[in-house]
Amino acid sequence: MPPPLTTVFLLLLVAATASAAGVSSQDADLESDCTDRWIHIRHLPPQFNLDLLANCSEYPVFDNFCPYISNHGLGQKTHNSSHSWYRTDPFMLELIFHRRMLEYPCLTPDPNLATAVFVPYYAGLDSLKYLFGPEVNSSFRHGLDLFEYIANVDNPSIWNKNLGHDHFLVMARPAWDFCQPLSNDPPIFGTSFLELPEFFNITALTLEARAYSWQEQAIPYPTSFHPPNLAFFESWVNRVKKSRRSTLMLFAGGGGISANPNVRRSIRLECENVTNMSTNGTGYAKFCEFVDCSNGVCQHDPIKFMKPMLQSSFCLQPPGDTPTRRATFDGILAGCIPVFFEEISAKKQYGWHLPEENYEEFAVFIPKEDVVFKELSIMDVLMSIPRAEIRRKREKVLEMMPRIMYRKHGSSLGLRSKKDAFDIAIEGTLQRIKSRTEELAAQRYALE
């Protein structure tokens, strides 16, 4: 019988810490490579992370997430012979990220050597008791126990060194779920973690960021694709390249059934209207395909939407309850050119992974107001794009693929040569923290 997940993590943490201790004194080459890249992992009692996994079935209003904990947060394989595809729940990003941090090559047990300090707190999982559980009316308390521990109990000098400016954590939900004003009475949906003055200096990596925030940075939603080596990754890329794009545009999602004007409703209506139109001479077998993912039926079953995405030239990415969608990254993995309707859906979100200046090279933007209120035809816009430009955009999408996937932990050396979503998130975090701590040091120097 395999050891409990908690035991596995503890063993990995001990090994990683011991390895880092040895590296810092023995391996001069790695020490040079790790200049300004050292990260210290703060010790947290399991109540802040691994113990939360034991409560995986306690929130029936949310979901029973027990099936998605396996494989260190990747979830169960889509089928027994699968090597790269899992039933991944994006809210397991904290667990996935923690596991990857344990094999980060520049870990140090000495916080004084570290550029950044990682806090392995499963903030999204801990928020469930406030969002859906018995403590819904105490959501202002979310994070206070953590702050008490890291700032006052466990070696507070680590926190006080830079007043939290060098600390970062992962929050596997949209930032909106953590920014309820402390003044709300009675409280509404969400916790107040990001509104607590105690955490104003910390860097939070979230699935979606607010439009104007100094605290959080959006990083990609985990998809179901986690290749273990370069061969499996390249095999998938070759399949994407060879896939015949017989459908002009695809929408995989739910909603749009309301009578009120909104972009999802407009997409559904247009897709229904063009179904019977002649495609003769267009090069497409059909203009639009709709994959109904209502009620979360697609969330843990990539087979339902990946095949249609592979057969489509464009994947429509309208906003839903929040501006961003996991389907954006599923589509990129399928080589399907994303079509956005709001700039905050991606362009103003994922600057580290999908640089804002590159959007015209790999995506299409159609203002939702033109679609909903001016009856602009999405099909007409997409059909007007020259085939040569479509090819260039798809080539750029293929180029982006490694940047938005989370490769499997323990992956091969060859695959590690390609920076994935985790690697880029760490690079961006280190850069951000270095800039902040240098500014803080300058302010302190000016006051002396």
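**Close-ups of a predicted model: disulfides, a crossover and a pocket**

At 8% relative accessibility, Cys288 falls under the 20% cut-off, so this cysteine counts as buried. Keep in mind throughout that the model is predicted.

**View A. Cys271 and Cys288 tie a helix to a strand.** The bond here runs between Cys271 and Cys288, with 2.0 Å from S to S. Cys271 sits in helix α9 and Cys288 in strand β7, 17 residues apart, so to speak a link between distant parts of the chain. The torsion about the S-S bond is about -105°, which makes this disulfide left-handed. Like its partner, Cys271 is buried, here with a relative accessible area of 6%.

**View B. Strands β6 and β7 run in parallel.** The two strands pair in the parallel sense over 6 bridges. To get from β6 to β7, the chain goes through helix α9 (residues 263-274), and this β-α-β crossover is right-handed. For one pair to look for, take Ala252, whose bridge partner in β7 is Val291.

**View C. Cys293 and Cys298 pair up out of sight.** The sulfur atoms of Cys293 and Cys298 are 2.0 Å apart and form a disulfide. With -85° about the S-S bond, this link is left-handed. Both cysteines, Cys293 and Cys298, are buried.

**View D. Cys56 and Cys66 are joined within a loop.** This disulfide has an S to S distance of 1.9 Å. Both ends, Cys56 and Cys66, lie in the loop between α3 (50-53) and α4 (93-101), 10 residues apart. The torsion about the S-S bond is about 90°, so this one is right-handed. How do the two ends compare for exposure, buried or partly exposed? Cys56 counts as buried at 9% relative accessibility, while Cys66, at 29%, counts as partly exposed.

**View E. The disulfide tally.** The structure holds 5 disulfides. Number the bonded cysteines in sequence order and the pairing reads 1-4, 2-3, 5-6, 7-8, 9-10.

**View F. Inside the largest pocket.** About 1200 Å³ of space lies in this pocket. Which residues come closest to its centre? Of the 34 that line the pocket, they are Phe91, Arg264, Gly296, Gln299 and Asp321. Two strands, β3 (167-174) and β6 (247-253), and two helices, α10 (303-310) and α11 (327-333), each supply at least two residues of the lining. Sorted by class, that lining has 14 nonpolar, 11 polar and 9 charged residues.

Key:
Residues numbered from 1 in each chain as written. Predicted model: local features only at pLDDT ≥ 70, side-chain atom pairs only at ≥ 80, totals over all residues. Heavy atoms only, no water. 1 Å grid on protein atoms, 1.4 Å probe; cavity = no way out; pocket = protein on both sides within 12 Å on 5 of 7 lines; lining within 4 Å. Points joined across faces, edges and corners; volume = space filled by probe spheres on them. Helix = DSSP H or I, 4+ residues; strand = E, 2+ residues; numbered from the N terminus. Nonpolar A, V, L, I, M, F, W, Y, C, P; charged D, E, K, R; others polar. Pairing = 2+ DSSP bridges. Right-handed = clockwise from strand over helix to strand, strands pointing away. Disulfide = S-S within 2.5 Å. Buried < 20%, exposed > 50% of the residue type's maximum accessible area, 1.4 Å probe, protein only.
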